[in-house]
Amino acid sequence: MVAALPKERQNAANVSRSELNCTGNPTVWQSGLQQRELCTIWVAFMKDLLDSMAAGDRDRSVALSLDPSRIPAHIAIIMDGNGRWANRRSLPRIAGHRAGVHAVRETVETCARLGLEALTLYAFSTENWKRPRVEVDMLWRLLRVFLKKELQTLQDNNIQLLAIGRLEFLPAKVQDELQSVIALTALNTGMRLALAINYSGRAELVDAVNAILGRARRENRLDSLRVDEDAVSRHLYTSALPDPDLLIRTSGEMRISNFLLWQIAYAELYVTDTLWPDFTRSELLRAVSEYGKRERRFGGLSATHREEAAFSESVPEEIAVPT
Ligand code: FPP
């Protein structure tokens, strides 16, 4: 189905109809929309993004090829490779983090313009405290500067800021700055940007279990307590967000690194060799385009195999499970 069109996006974008290849794709056509209506919705949905691109911009053709019914609602990103980026330039590691802020800004803006519901960025893990003190301190300073400088951009793009992780262990000044921007953007209705700070997926699960137990103890129902998946989800730091559809990791490492362990159960993975400071709007759009081509089965069967299964009446004897 085509996603509902937010009110603020109902003016047509600065794009000519001939630029569009609105010949339709099966998913969208199944929704019964006429080609003309489909084009109008498509253009309106992508308005913000297309308006930010000049006529000859190469990203424009990638954006124009995206299928609005196959844009992830939530992207989560492991921003890796800042240190290597700096190393390759014989610069101190912190120069890589500083360059990484530029990629953060571009990614946040592009995701908001794509109409994503949520973007989660892994900014600092509970393991990152093992780094040299000077690097950790500089990361906190960068985060504070980012929050101060980007507040206006968040407001202009109607973005709501959230933070997930054990925030109570952050330096007081960082906590204050975070809480201030969270409060100031709380009424924004567009994309939610969640910064994972002092975050660990295992710690999040431990916190969720303890929250469930604590509540049951307070309400005197420990003996009858039964926990199901829904209860766990509701007690995660991300309870207000949909699970990520797409997990991007930069710098080529094939690891999850303790990030959103519960939530990424069925996320599509996109790993790129690009180091985080070099991650651009073009690469983000490529990842979204690649996501659009994936078939998500959630443990079930593809459409073709479902049809085949429906037609096959009996299991051949040679593969039947012995009784
Ligand atoms: C991993 O690269 C990156 C981090 C631990 C920090 C990420 C921080 C930023 C992108 C900048 C600040 C963030 C915000 C949200 C303003 P690494 O240092 O592990 O790289 P390496 O694996 O090449 O050493």
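Colleague: Which residue in strand 2 is the bridge partner of His74?

Modeller: Ala118 is the partner of His74 there. Bear in mind that this is a predicted model.

Colleague: OK. And what does Ile78 pair with in strand 2?

Modeller: Tyr122 is the bridge partner of Ile78.

Colleague: How many bridges join strand 1 to strand 2, and are the two parallel or antiparallel?

Modeller: Five bridges, and the strands run parallel. Strand 1 covers residues 74-78, while strand 2 spans residues 118-125.

Colleague: Back to Ala118 for a second. Which residue in strand 4 does Ala118 stand opposite?

Modeller: Arg192. Strand 4, residues 192-199, pairs with strand 2 in the parallel sense, over seven bridges.

Colleague: What's the strand order in the whole sheet?

Modeller: The order is 3-4-2-1-5-6, in an open sheet of six strands with parallel pairing. The edge strands are strand 3 (160-164) and strand 6 (268-271), and each of them pairs on one side only. From one strand to the next, the twist averages 20°.

Colleague: Which helix packs on the sheet and touches strand 1, strand 2 and strand 4?

Modeller: Helix 6, residues 93-114. The direction of helix 6 makes about 160° with that of strand 2.

Colleague: And strand 2 itself, is it mostly covered or mostly open?

Modeller: Mostly covered: of the eight residues in strand 2, seven are buried.

Colleague: Different topic, the helices. At what angle do helix 7 and helix 8 cross?

Modeller: Roughly 25°, with their axes coming within 10 Å. Helix 7 is residues 133-156 and helix 8 is residues 172-184.

Colleague: Why call those two roughly parallel?

Modeller: Because angles under 35 degrees count as roughly parallel, and these axes cross at roughly 25°. Helix 7 and helix 8 are therefore roughly parallel to each other.

Colleague: Is the crossing left-handed or right-handed?

Modeller: Left-handed, as helix 7 passes helix 8.

Colleague: Which residues meet there?

Modeller: From helix 7 you have Trp140, Leu143, Arg144, Leu147, Lys148 and Leu151. They meet Lys173, Val174, Glu177, Leu178, Val181 and Leu184 in helix 8.

Colleague: How many nonpolar, polar and charged residues does that contact have?

Modeller: Eight nonpolar and four charged residues, with no polar ones in the contact of helix 7 with helix 8.

Key:
Residues are numbered from 1 along each chain as its sequence is written. This is a predicted model: local features need pLDDT of at least 70, side-chain atom pairs count only at pLDDT 80 or more; totals for chains, interfaces and linings use all residues. A residue is buried if 20 or more other C-beta atoms lie within 10 Å of its own, exposed if 12 or fewer, and partly exposed in between; C-beta atoms are placed from the backbone. Helices (H or I, at least four residues) and strands (E, at least two) are DSSP runs, numbered from the N terminus. Two strands pair if DSSP finds at least two bridges between them. Axes are lines fitted to C-alpha atoms, for helices over the stretch in contact, and angles run from 0 to 180 degrees between N-to-C directions. Two residues are in contact if their C-beta atoms, placed from the backbone, lie within 7 Å. Angles under 35 degrees count as roughly parallel, over 145 as roughly antiparallel, 65 to 115 as roughly perpendicular and the rest as oblique. A crossing is left-handed if the near helix is turned anticlockwise from the far one by less than a right angle, and right-handed if clockwise. Ala, Val, Leu, Ile, Met, Phe, Trp, Tyr, Cys and Pro count as nonpolar, Asp, Glu, Lys and Arg as charged, and the others, Gly among them, as polar.
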